[in-house]
Amino acid sequence: MWRSRLFRGVGCLLQKAGCIPSKPSHLPPWRYLSFYQPCLNPVLQRSFRAPIWYCFENRIRPAVALYFCRTLRKDAKSVIDFPAQPLTVTDIKQYLRSKDIPFYDGYSCLHAPSIFMEPATEGSGKENYSLFIDKTTGQFLCKETLVEGSWEDLQDCIEVMLNENQTSISPNVLLGFPESMEEQEEREMEMKEVQRIWSSSVPFSDLLDEEVQLIKTMFQIGKLTNATLKKFGVRFFKPTKSLVFPWFSGHDSGLRGVKLLSAAVKGDGQVVYTEATVPKISSYHNLFGLPLIGRKDSEVVLTGREVDSMAVNQATGLPSLALPRGVSCLPPFLLPYLEQFKKVTLWLGGDMRSWEASKIFSRKLGLKRCSLIRPGDFQPCPSEALAQGRNLARIVKASIPAAHKSIVSFKQLREDVYGELANVEQVAGIQWSRFPELNRILKGHRKGELTVFTGPTGSGKTTFISEFALDLCMQGVNTLWGSFEISNVRLAKIMLTQFAKQRLEENLDQYDMWADKFEDLPLYFMTFHGQQNIKTVLDTMQHAVYLYDISHVIIDNLQFMMGQENLSLDKFAVQDHIIGAFRKFATNSCCHVTLIIHPRKEEDDKELQTASIFGTAKASQEADNVLILQEKKLVTCPGRRSLQVAKNRFDGDVGIFPLEFNKASLTFSAPVKGKQKLRKVKVDKNNGTEEIEETELKEKSEKAPKPAKAKTSKTIKGAAALKHTTDGEGNDQ
């Protein structure tokens, strides 16, 4: 840490000494750094392209073509800093006691007097404990000065303060690395854009009554009054016909950002709502409605959307806040702003995904103070409940506690069982958009499950599973990649190519456009490479689940964690231990884990089976799903690869479907050309072996007398897949 401070000081001295060139006056302000930074071997040359929204202001002349050298810079906000050693709340408390710093336990944070302010007078009470330290990560926030940082930063500040015999320390000590001119200009441009949108938007009180009614109808907020919209500061942005939700700071009520909600009508008449945030949501955290919270408020309702928050406040009068990223994530940076509430009611929506998110978020907030509103026909999301004329105050009062001591009877499970029966499609999980056949068999991607994936060496396991995970990530599934076999740069290149569905090497002018879209995905990478210890990997996964609400972890692959274990133990026992650890993690963290395992060496002309997975049978026993990438190595024609679902604990359906690999886009989701294939299992009665044949599906015009129904579906229910045999006449045995 002190070495980094030395670098910061050197950077400041270099800036003051004039070693960094001044800004060229003739260059655009948002990219001028790239012109004068030394670059002996430019990585790439391309024409300048301004942001789309910037062109709307007519501040550049499109006819002028400028060229610049791309420079590589490290964005600190995109770097995931996983701790080398897990930090515990006991470690934090012991350190604070050793430095004679008073504190007391909160729900998810420790409260202490801020070291960035002059100490308050004695007897002023705990209300002046404005420094919040996260019990899990050690990250801190001073709500009065808005200084925040890591646990190591706080330790350094305390040491400096004590060594200098001071009672407080200046907040400027944590300025960090000086922003580059490019970063500073980018941040300033974002804030200018925020101010431009906000000043150009119109309050509802300045609109005609006909316009107000049309807008409310378009966004389905007819029951929200103009007084409520004014109270929360909601405006209308005419150029894009969007609602503007402001993010105000809870400290000085300054405007920190905006979210725009737009509505569009599809060809079938369905209305689709899209959101856009300035600054980007990935680099900004705030709560909608925060300035309306009073210091003495002890109860709050958390919602997933801004319109839901306004509906709750209007109907019940209770303080209500909306999470910035809805049901996808509850950033730990927001927890200090929720510490004052003794009761938190989570009403995130009316579907099963919102219900699952409520249970996960309640763990961060503290189970004892959280209450949940279970979705149902009579308890939809708050805005729909208000539109239907329901009693929102009664719904909030009927919320159930998040913490249950024990489940002793079916009565406590009754509503949960009904919820699964009434929402079959939602319970099945997130659907794949690129692999419809996978939806037909697995039904969906569900949290808390363990998927084991295997396939022959060189068959494209990593390439397939990257598209498999990318498909889900594009639908909002927070994903963590643990690639121990190939580097993160190469993996990111593969996924970006699959995301763009084209060779970006041949279309470098489109790289920034696709990279900007790809950057917005909730995708994170572990920084491990090569052999790793299982405990280190699990600690990192747990840290990511808490910090980023990860709901899907991919481990590629299991064999890279076996070399770090005790070499005196049996390798199969080590593998069983690792699989058991991942199984426990998936269940306890409500996170889906996809584990890639190499198969045993098989002959090239034989297909893999569940028993082909390397190690003992524990992998297939513990797994909820077993996927096998089959490859016919001796065949070069299309259809040589197929995906087999060998186990499906959710409903027992198993089956197989062909895959077609597109080398240009590195995707397996291209539609397979040609006729459908029917997989038949044929038994050779002479030696008792099974042979698998592929025959084309043909419609028969002649009907045999009393024919048995042929199973033309590739999906076979449950354990019957293992017993399904066909005799020579086509009758099932």
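Let us start with a cluster of aromatic side chains: ring pairs join Trp 432, Phe 435, Phe 453, Phe 464, Phe 468, Phe 661 and Phe 668. Please keep in mind as we go that this is a predicted model.

Within that cluster, take one pair to look at in detail. The rings of Trp 432 and Phe 468 are tilted against each other, with 5.2 Å between their centres and 40° between their planes. Trp 432 belongs to the loop between α14 (424-427) and α15 (436-442), while Phe 468 belongs to helix α16 (residues 461-473), so the contact links distant parts of the chain, 36 residues apart. Are these two residues buried or exposed? Trp 432 has a relative accessibility of 3%, which is under the 20% limit and therefore counts as buried. Phe 468, at 2%, is buried as well.

The helix that carries Phe 468 deserves a look of its own. In α16, 13 of the 13 residues are buried, so the helix is largely enclosed by the rest of the structure. How does its length compare with what should be expected at 1.5 Å a residue? The expected span for the 13 residues of α16 is 18 Å, and the end C-alpha atoms are 18 Å apart, so the two agree. If you are wondering about side-chain directions along a helix, an α-helix has 3.6 residues a turn, so residues three or four places apart point the same way.

Follow the chain on from α16 and you come to Asn 478, in the loop between α16 and β19 (479-483). Asn 478 is buried, since its relative accessibility is 2%. What does its side chain meet? A polar atom of the Asn 478 side chain lies 3.2 Å from the backbone oxygen of Tyr 548.

Now back to the aromatic residues. The structure holds 18 aromatic pairs, and one of them is formed by Tyr 104 and Tyr 129, whose ring centres are 5.5 Å apart. Their planes meet at 45°, which lies between the 30 and 60 degree limits, so this pair is tilted. Tyr 104 is in strand β3 (residues 104-105) and Tyr 129 is in the loop between β4 (109-112) and β5 (131-134), so the pair ties together parts 25 residues apart in sequence. Tyr 104 itself is partly exposed, with 22% relative accessibility.

Rings also take part in contacts with charged side chains. The charged end of Arg 235 sits over the ring of Trp 198, at 3.9 Å from the ring centre. Elsewhere, Lys 364 lies over the face of Tyr 546, and here the distance to the ring centre is 5.3 Å.

Let us turn to contacts between opposite charges. There are 23 salt bridges in the structure. One of them joins the side chains of Lys 259 and Glu 275, with 3.6 Å from N to O. Lys 259 is in strand β11 (residues 255-265) and Glu 275 in strand β12 (residues 271-278), so this bridge ties together parts that are 16 residues apart in sequence. Lys 259 counts as buried, because its relative accessibility is 2%.

Another salt bridge pairs Glu 505 with Arg 503 at 3.9 Å, N to O. Both of these residues have some access: Glu 505 is partly exposed at 43% relative accessible area, and Arg 503 is partly exposed at 32%.

A further salt bridge, between Arg 649 and Asp 624, has an N to O distance of 3.3 Å. Arg 649 is in the loop between β24 (641-648) and β25 (653-659), and Asp 624 is in the loop between α21 (618-622) and β23 (625-631), so the bridge connects parts 25 residues apart in sequence. Which of the two partners is buried, and which is partly exposed? Arg 649 is partly exposed at 43% relative accessibility, whereas Asp 624 is buried at 9%. Salt bridges can share partners too, and in this way Lys 93, Asp 105 and Lys 135 are joined into one network.

The loops around Arg 649 and Asp 624 lead us to the strands themselves. β23 and β24 run antiparallel and are joined by seven bridges, with Leu 629 standing opposite Leu 643 in β24. On to the next strand: β24 also pairs with β25 in the antiparallel sense, over five bridges. There, Arg 641 has Leu 659 in β25 as its bridge partner. The hairpin of β24 and β25 has four residues between the strands, and in it Gly 652 takes a positive phi near 85°.

How values were computed: Residues are numbered from 1 along each chain as its sequence is written. This is a predicted model: local features need pLDDT of at least 70, side-chain atom pairs count only at pLDDT 80 or more; totals for chains, interfaces and linings use all residues. Side-chain values use heavy atoms; hydrogens and water are left out. Rings of Phe, Tyr and Trp (its six-membered ring) pair if their centres lie within 6.5 Å; planes under 30 degrees apart count as stacked, over 60 as edge-to-face and the rest as tilted. Helices (H or I, at least four residues) and strands (E, at least two) are DSSP runs, numbered from the N terminus. Buried means under 20% relative accessible area, exposed over 50%, partly exposed in between (1.4 Å probe, protein chains only). A charge sits over a ring if NZ of Lys or CZ of Arg is within 6 Å of the ring centre and within 35 degrees of the ring normal. The expected span of a helix is 1.5 Å times one less than its number of residues. A salt bridge is a side-chain nitrogen of Lys or Arg within 4 Å of a carboxyl oxygen of Asp or Glu. Two strands pair if DSSP finds at least two bridges between them. A polar contact is a pair of N or O atoms within 3.5 Å; within protein, one must be able to donate a hydrogen and the other to accept it, and residues adjacent in sequence count only if both atoms are side-chain atoms.
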